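Q: Please take a close look at one buried side-chain contact and its surroundings. Then work outward to other parts of the model.

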Amino acid sequence: MILLKSLINKPSTSLSSSFKSINQSLTIIKNINNKYYSTTTTPTNLNLKSNILFNNSDNKMSIDNKEKIRAGLEDLMKRRFFITQSFSIYGGQAGLYDYGPPGCAVKANLINFWRQHFVLNEDMSEVDCVSVTPEQVLKASGHVAKFADFMVKDEVTKAFYRADHILEAHIQTLLKDTSKMSKEQIDELNFVLAKAGDYNQEQLKEALTKYNVKAPETGNALTEPYPFNLMFQTQIGPSGLSTGYLRPETAQGIFTNFGKLYEYNGKKLPFAAAQIGNAFRNEIAPRAGLLRVREFTMAEIEHFVNPNNKTHPKFQEIKDVQANLLSSDSQDKTSEIEVCTFGEAVQKKLIDNETLAYFMARTQQFLHTVGIKPAGLRFRQHQKNEMAHYAQDCWDAEILSSYGWVECVGHADRSCYDLKVHAAESKSNLSAYEEFKEPQFVDIAKVVVNPGAISKKHRAAVSPIKKYLTELKDDLTKALEIQEAITKDGSYNLVLDGNTYDITADMVTISKAQEKKNGHTFFPHVIEPSFGLGRIIYSILEQNYYTRENDEQRGVLSLPAIIAPVKASILPLTSSDRIAPFVQTISKALKEANISTKVDDTGNAIGRKYARTDEIGIPFGVTIDFQTIEDNTVTLRERDTTKQVRIPISELPSTLRKLCDLTVSWSDILKTFPIYESQSE
């Protein structure tokens, strides 16, 4: 393994060589890897398509580069209608964005490939659940009580700010001039900057006070931080008696339908369910365009496994793939990126289990294929203070942007928390059953309940307490936890339906025993990859935006063909009546081959037409000229190299189809057809 303090600039040879045997998507991955980087390229000379997001010397972003890349891309997105602020004619609304035609096409293509890469290749069951969710569901999941961020308020103007964001901005301002600071002071500020997003309410209060943070626009004093629930509340029906929320994630619909999904999959584990849909979060202070919005599209997977077997049958196919891993321990020490294979990471328990690692690897392959550079992708492990109490291991796929590292895909081993809480609240069976090959002696909890002792202290609740304690038989871990508390503290605080009951030694006796069984019932554990598609789209656009050499006004989106909004532009050289019939013929032939096209029959010069298609990411251009009339050939131009070949019209649809599917590379095309030297670039 290798330790690096900065990002690596290239993948290992194993990254491209080990993408095999996962059907067409892995063929696509291999070809796109060959297109974007060579496995023999050294870290010092890798050219990321002239993208200025990375500094050539240390692969970090300079302030100037951040501003250039962000300003250029945002101008392009607005001018060519990739996205626009919603309801802009009324002044717009922060955190809400509409996708225009090219943005909508990129999003649709990304979703289509996500389905192919995950749902199709991994035999997943896709569902489509509603967005409006009854309060009872989100109370059970914990969202009503805990789905909150901390905010502060300007004491004079009453303007709201998210507490961690305003702290981060203040620390960044302090770090702009460190000439009078000691190394210890600088290190402390950098530590606070890195940890602010994980601070609890008390830690935020202390930091805001210590660093004398004020309202940025006015300099006024701020209130102490307090929680704000991020869910949009609504009423279901006209009575006003049924409270609901717009879902903050898509996962809960999968969990509540687990019983039906389990039956649909033949009552066998493991199986995975997937869902693509919008989620809603009432962000305190939306910012950074698509990176933090109030309505966004998620693609989530819930992979249900036996908690005693988290191996994965296809783990061998990805075990030699290398990844950039930032572990929990490293974040508190050196912040070094560890570069190792997923197999090594599982072997030494850096990643908890094979299934979690498998989905991390598949996510990495997906992101590389759709245009995320290897140098701009890492996996960061959640630290103890970030993880939910029930989670066993969590890793975020973070993508480097001009805003820094941005979490775009979460990978969590959620244990069985969700199924257990929904089963308890709904009184439904959300468990699975495993039949043993042969009868086995299994550990159980031997529970002896004394109803008389319970009645003396909790007369009105004897039945529910007795029922709960009796059912601990198959939950040995919880049963022993209760017994340990009674032994150590004299009692256990049992919470049922919001009420707390003291359970003492005279009420119940619990011990470990064994019982012969033919099978056992259990709650499956869940491995969850959760994709924020808006964040991924913005990151792809930013990492693939560059300007032509010696012409900073000529922007290019170097999007992979698989997600490009249009696959080919059709460009008649002139508006001649002799050329016009070929436009319709070629357009029809390409559409019949399922290749999207955009015709530019304006009077602009051909070089100007190339520039207009390049900046919205169209990978191929078909030029119809006067030679077309003579021999039924056209020129085919590739966006990034700007090289052209002369190709018969009859071979154009099949050639473009192969290029868009990445089953052939542009270098193959250059060897197949005669080169055409254009003077129009």
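A: The side chain of Lys310 makes a polar contact with the side chain of His525, at 2.9 Å. The model is predicted, so read each distance as a computed value. Lys310 sits in a loop, the one between strand E12 (295–305) and strand E13 (322–326). This lysine is nonetheless buried: its relative accessible area is 10%, and the cut-off for buried is under 20%. Beyond its neighbours within four places in sequence, Lys310 is in contact with Val305, Asn353, Glu354, Thr355, Gln392, Asp413 and His525.

Take Asp413 next. Asp413 belongs to strand E17 (residues 404–413). Its relative accessibility is 0%, so Asp413 counts as buried. Leave out residues up to four places away in sequence, and Asp413 touches Lys310, Asp352, Asn353, Leu356, Ala391, Gln392, Asp393, His525, Val526 and Ile527. Lys310 and Asp413 thus appear in each other's contact lists. His525 is on the list for Lys310 and on the list for Asp413. Asn353 and Gln392 are also touched by Lys310, and Asp413 touches them too. The side chain of Asp413 also reaches the backbone nitrogen of Ser415, at 3.1 Å. Leu494 is elsewhere: 81 residues from Asp413 in sequence and 27 Å away in space, C-alpha to C-alpha.

His525 leads on to strand E22, which spans residues 525–532. Phe531 lies in that strand and pairs across the chain with Trp114 of helix H4, 417 residues apart. The two rings meet edge-to-face, with 5.7 Å centre to centre and 80 degrees between the planes. Trp114 and Phe531 are both buried. Ring pairs extend this into a cluster of Phe113, Trp114, Phe118, Phe366 and Phe531. The structure holds 16 aromatic pairs.

That cluster also brings in a helix pair. Helix H4 (residues 101–120) packs with helix H14 (residues 354–369) at an angle of about 145 degrees, with the axes 11 Å apart. The crossing is right-handed. From H4 come Leu110, Phe113, Trp114, His117 and Phe118; from H14 come Arg362, Thr363, Gln365, Phe366 and Thr369. By type, the contact residues are 5 nonpolar, 4 polar and 1 charged. Phe113, Trp114, Phe118 and Phe366 serve in the helix contact and in the ring cluster.

Strand E12 comes before the Lys310 loop, and it holds a ring pair of its own. Phe304 lies in E12 and Phe255 in helix H10 (residues 251–256), so the pair ties together parts 49 residues apart in sequence. Ring centres are 6.3 Å apart and the planes stand at 80 degrees, so this pair is edge-to-face. Phe255 and Phe304 are both buried.

Now some backbone details. The peptide bond from Leu269 to Pro270 is cis, with omega near 0 degrees. Pro270 falls in the loop between helix H11 (258–264) and strand E11 (271–280). Lys267 is in the loop between H11 and E11 as well. Lys267 has a positive phi of about 55 degrees, although it is not a glycine. At 52% relative accessibility, Lys267 counts as exposed. Asp123 also has a positive phi, near 55 degrees, in a residue other than glycine. Asp123 lies in the loop between H4 and strand E4 (125–126). Asp123 is exposed, at 66% relative accessible area.

How values were computed: Residues are numbered from 1 along each chain as its sequence is written. This is a predicted model: local features need pLDDT of at least 70, side-chain atom pairs count only at pLDDT 80 or more; totals for chains, interfaces and linings use all residues. Side-chain values use heavy atoms; hydrogens and water are left out. Axes are lines fitted to C-alpha atoms, for helices over the stretch in contact, and angles run from 0 to 180 degrees between N-to-C directions. Helices (H or I, at least four residues) and strands (E, at least two) are DSSP runs, numbered from the N terminus. A crossing is left-handed if the near helix is turned anticlockwise from the far one by less than a right angle, and right-handed if clockwise. Contact means heavy atoms within 4.5 Å. Ala, Val, Leu, Ile, Met, Phe, Trp, Tyr, Cys and Pro count as nonpolar, Asp, Glu, Lys and Arg as charged, and the others, Gly among them, as polar. Buried means under 20% relative accessible area, exposed over 50%, partly exposed in between (1.4 Å probe, protein chains only). A polar contact is a pair of N or O atoms within 3.5 Å; within protein, one must be able to donate a hydrogen and the other to accept it, and residues adjacent in sequence count only if both atoms are side-chain atoms. Rings of Phe, Tyr and Trp (its six-membered ring) pair if their centres lie within 6.5 Å; planes under 30 degrees apart count as stacked, over 60 as edge-to-face and the rest as tilted.
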